[in-house]
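Visitor: I have a sequence and a structure to look at. Please walk me through them.

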Amino acid sequence: ADGRENSRDMKIKGRSAFGIRHPRAKLNDEDVRVIRASGFTRSALAKRLNVKISAVSKVARGEAWTHVK
């Protein structure tokens with residue numbers, strides 16, 4: 001099995017670290033919901049949550065934390 005197959009298998013079986021299970025996660029599920037529902041600017045949210053604007057933007061566009069509804 002190659003690396004891609006192993007990664008796919010981990011994801012299917014729920015063994016990959018994502019979201020709050022990832023050791024370097026700076027956001028949590030509630031932060032993600034706030035970002036998506038907020039009327040604040042991405043810059044203001046990034047400062048408040050102590051993350052980069054790009055992280056807030058990816059969440060807002062649905063490119064990151066896709067497992068959170």
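The questions below go through helices, charges and contacts.

Guide: This is a predicted model, in which local features need pLDDT of at least 70, side-chain atom pairs count only at pLDDT 80 or more, and totals for chains, interfaces and linings use all residues. Residues are numbered from 1 along each chain as its sequence is written, and side-chain values use heavy atoms, with hydrogens and water left out.

Visitor: Which residues of helix α3 are buried?
Guide: Helices here are DSSP runs (H or I, at least four residues), numbered from the N terminus. Buried means under 20% relative accessible area, exposed means over 50%, and partly exposed is in between (1.4 Å probe, protein chains only). Helix α3 covers residues 42–49, and its buried residues are Leu 45, Ala 46 and Leu 49.

Visitor: Why do the buried residues of α3 line one face of the helix?
Guide: Look down the axis of α3. The arc is taken from the directions from the helix axis to the C-beta atoms. The buried residues line one face because they fall within an arc of 100°.

Visitor: Which residues are exposed on the other side of α3?
Guide: Turn away from the buried residues Leu 45, Ala 46 and Leu 49. On the other side, the exposed residues are Lys 47 and Arg 48.

Visitor: What do the buried residues of α3 pack against?
Guide: Contact means heavy atoms within 4.5 Å. By that rule, the buried residues of α3 pack against two helices, α2 (29–37) and α4 (53–60).

Visitor: What phi does Asn 50 take?
Guide: Asn 50 sits just after α3. Its phi is positive, at about 60°.

Visitor: How far from Asp 31 is the nearest side chain of opposite charge?
Guide: Asp 31 is in helix α2. Lys and Arg count as positive, Asp and Glu as negative, and His and the chain ends are not counted. A salt bridge needs a side-chain nitrogen of Lys or Arg within 4 Å of a carboxyl oxygen of Asp or Glu. Asp 31 is buried and has no salt bridge; the nearest side chain of opposite charge is Arg 48, at 6.4 Å.

Visitor: Which residues does Asp 31 touch?
Guide: Leave out residues up to four places away in sequence. Asp 31 then touches Lys 26 and Leu 49.

Visitor: How far apart are the closest N and O atoms of Asp 9 and Lys 13?
Guide: Asp 9 is partly exposed, at 29% relative accessibility. Lys 13 is partly exposed too, at 48%. They form a salt bridge, and their closest N and O atoms are apart by 3.2 Å.

Visitor: Which residue forms a salt bridge with Arg 33?
Guide: The closest N and O atoms of this pair are 4.0 Å apart. The partners are three residues apart in helix α2, so about one helical turn separates them. Arg 33 is partly exposed, at 37% relative accessibility. The partner is Glu 30.

Visitor: How many salt bridges does the count come to?
Guide: One of them joins Arg 4 and Asp 2, with closest N and O atoms 3.9 Å apart. By this rule the count comes to four.

Visitor: Is Lys 69 buried or exposed?
Guide: Lys 69 lies in the segment after α4. Its relative accessibility is 77%, so Lys 69 counts as exposed.

Visitor: Which residues does Lys 69 touch?
Guide: Again, residues up to four places away in sequence are not counted. The residues that Lys 69 touches are Arg 33 and Arg 36.
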